[in-house]
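Q: Please take a close look at a single part of this structure, starting from the pairing of its strands. Then set that part in the context of the rest of the chain.

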Amino acid sequence: MNAIERPGKIVALHLNYPSRIAQRGRTPAYPSFFLKPTTSVASSGDAIERPAGTELLAYEGEIALIIGRRVRRVTPEDGWAAVSGVTAANDWGVYDLRSVDKGSNLRNKGGDGFTPLGPSVIPANTIDPAALRVRTWVNGKLRQDDTTANLTFPFGVLVADLSQLITLEPGDVILTGTPAGSSVALPGDVVEVEVDSPTAPGAPTTGRLVTHVIEGTTPFEKYGAQPSVDDVQRIEAWGDASAAGVTVPQPVLTEDLRTMLSGVAVATLSAELRKRGHPHSTVDGVHPLVPGTRMVGTARTLRFVAHRPDLFESHGGGYNAQKRAFDSLKAGEVLVIEARGDATAGTVGDVLAIRAHTLGAAGIVTDGAARDSVAVADVGIPTFAQTTHPSVLGRRHVPWEGDTTITCGGVAVQPGDILVGDDDGVVVIPEHLLDEVARAAAQQEAQDAWVAARVAEGHPVDGLFPPNAEWLARYRAQTGTQA
């Protein structure tokens with residue numbers, strides 16, 4: 001099969017390959033799609049124009065499914081049977097235009113020539129859909145190389161899911177996601193994509209789909225959105241910070257400091273913050289669901305407002321602020337929830353705790369209540385709450401916004417603050433004080449341990465706790481500690 005006619009519709013998948021999912025840092029529960037205009041179709045050997053005024057034109061080598069018969073509501077088991085063939089595709093996109101798309105991808109991925117297909121089609125009945133390979137070269141250097149052996153969403157699932165609501169017709173194309181290695185192409189580059197089935201009889205291949213990148217000369221008019229990029233987009237487009245030329249700030253909470261804080265009591269940290277003019281540094285009223293819990297992490301924040309029917313209708317359902325906050329947690333982060341101290345409804349339950357734990361979060365803190373408390377405790381993520389309550393969120397709260405300054409348990413918390421928790425509660429350390437407070441607290445803990453040992457030997461506390469000049473000199477002499 002060699003002829004590739006213009007499809008009736010082009011449906012593209014956001015994420016599918018585990019390598020790309022790991023790179024993006026988010027795992028989809030279900031397939032997520034977007035449409036591309038049929039006018040974006042191009043052929044092998046055609047040129048793609050990087051629009052004038054843009055810098056981040058990125059390639060994505062993919063496998064394209066070509067639908068062979070009219071289908072509606074097929075099962076995943078029957079989905080592959082509806083595919084007549086596969087070919088190579090390049091799902092080009094301009095990251096500079098993502099900011100105005102709001103997830104539709106129309107402008108950034110829908111330009112003329114942004115969906116090259118071909119050059120040949122491999123008949124579907126000659127191959128195993130789980131034994132395909134997709135590779136991409138830039139100027140002759142291999143940049144993407146992956147197989148369909150472990151796709152998150154097999155091809156039959158994609159066809160079945162789409163056909164639940166949309167009739168797929170002969171010639172329609174489904175782009176099935178790109179593996180890791182997608183990056184930016186520059187004017188003058190030549191990008192090639194090939195799909196093959198190395199283990200099938202004859203090792204069928206689509207041949208190389210060739211695209212030449214050229215520089216556009218026509219600027220965007222002022223009546224439309226202008227290109228706009230930031231370092232986040234640069235990193236996503238290039239694939240990593242180094243390739244993008246972006247310097248990523250090093251975390252304030254280093255592994256050394258994290259280890260140090262893991263052995264320091266919240267009480268000691270609170271005392272050190274008080275010495276530095278921060279007497280209100282603890283999240284008052286919260287306790288760990290599991291006694292003996294210790295927690296160290298960087299704050300992310302979530303704010304609830306008091307329940308009001310119209311506000312809950314507009315902000316409480318769907319993919320609300322609470323779900324977005326939990327879904328976006330990263331390793332080592334603590335989600336801090338402002339519930340206004342109202343513990344008459346749950347603010348976190350077992351499902352969201354599982355999500356946080358799966359993402360590697362360091363803990364959850366709420367000045368409200370936890371529900372499903374036994375199940376949350378069993379998840380294993382450090383969780384601090386005022387109490388437990390069986391009611392759901394909507395009884396008292398509306399999830400409002402995330403990653404803003406909040407007040408939790410009477411203390412201000414900003415994203416990036418450092419939280420430490422133990423059986424006494426939770427303390428909040430501002431970023432700029434972290435190193436100083438952590439080291440001073442560690443020194444104080446060592447001194448307190450020495451003093452406790454002397455008291456255990458039978459010495460009276462007068463003059464020893466806290467140590468006077470004589471005892472302090474003895475401590476320094478015995479431990480080699482400098483003044």
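A: Two strands are taken to pair if DSSP finds at least two bridges between them. Strands (E, at least two residues) and helices (H or I, at least four residues) are themselves DSSP runs, numbered from the N terminus. The model is predicted, so local features need pLDDT of at least 70 and side-chain atom pairs count only at pLDDT 80 or more, whereas totals for chains, interfaces and linings use all residues. Residues are numbered from 1 along each chain as its sequence is written, and side-chain values use heavy atoms, with hydrogens and water left out.

The part chosen is an open sheet of six strands, in the order β2-β1-β13-β6-β7-β10, with mixed pairing. Its edges are formed by β2 (33–36) and β10, each of which pairs on one side only. Within the sheet, β6 and β7 are antiparallel and share seven bridges. One of the pairs between them sets Ile63 against Ala88 of β7. Helix α4 packs on this sheet and touches β1, β2, β6, β7 and β13 (173–175), where contact means heavy atoms within 4.5 Å. The direction of α4 makes about 55° with that of β6; such angles run from 0 to 180 degrees between N-to-C directions, and axes are lines fitted to C-alpha atoms, for helices over the stretch in contact.

The sheet and α4 also meet in the largest nonpolar core, which has 31 residues. A nonpolar core is a set of buried Ala, Val, Leu, Ile, Met, Phe, Trp, Tyr and Cys residues joined through side-chain atoms within 4.5 Å. Buried means under 20% relative accessible area, exposed means over 50%, and partly exposed lies in between, with a 1.4 Å probe and protein chains only. The members that touch the most others are Ile63, Leu65, Trp80, Val86, Phe155 and Val159. At least two core residues come from each of β1 (10–13), β6 (61–67), β7 (83–90), α4 (155–163) and β14. Helix α4 gives the largest share, five residues. In soluble globular proteins, nonpolar side chains tend to be buried together.

Leu65 illustrates how these elements come together. Apart from neighbours within four places in sequence, the contacts of Leu65 include Trp80, Val83, Gly85 and Val86. Phe155 and Val159 are also among its contacts, as are Asp172, Val173, Ile174 and Thr176.

Strand β14, which contributes to this core, has pairings of its own. Of the seven residues in β14 (190–196), six are buried. Strand β11 (133–138) runs antiparallel to β14, and six bridges join the two; one of them links Arg133 to Asp196. Strand β15 (209–215) is likewise antiparallel to β14, through four bridges, and Val190 faces His212 of β15. Just beyond β11, Asn139 lies in the loop that leads to β12 (141–147). Asn139 has a positive phi of about 55° without being a glycine, and with 45% relative accessibility it is partly exposed.

A backbone feature also bears on the region of β10, an edge strand of the sheet. The loop between β9 (115–116) and β10 (122–123) holds Pro119, and the peptide bond from Gly118 to Pro119 is cis, with omega near 0°.

Away from this part, a second and separate core of 22 residues includes Phe304, Ala321, Leu352 and Leu393. Elsewhere, helix α8 (266–275) packs with α13 at an angle of about 125°, their axes being 9 Å apart. The two helices are therefore oblique, since angles under 35 degrees count as roughly parallel, over 145 as roughly antiparallel, 65 to 115 as roughly perpendicular and the rest as oblique. Among the residues that meet are Leu269 and Leu273 of α8 and Ala440 and Ala441 of α13. Following α13 (434–456), the loop to α14 (469–479) contains Pro466, which a cis peptide bond joins to Phe465.

The whole chain has 14 helices and 29 strands. Of its 483 residues, 47% are buried. Among contacts between residues at least 6 apart in sequence, 77% join residues at least 24 apart. Its C-alpha atoms fill a box of roughly 95 × 55 × 50 Å along the principal axes.
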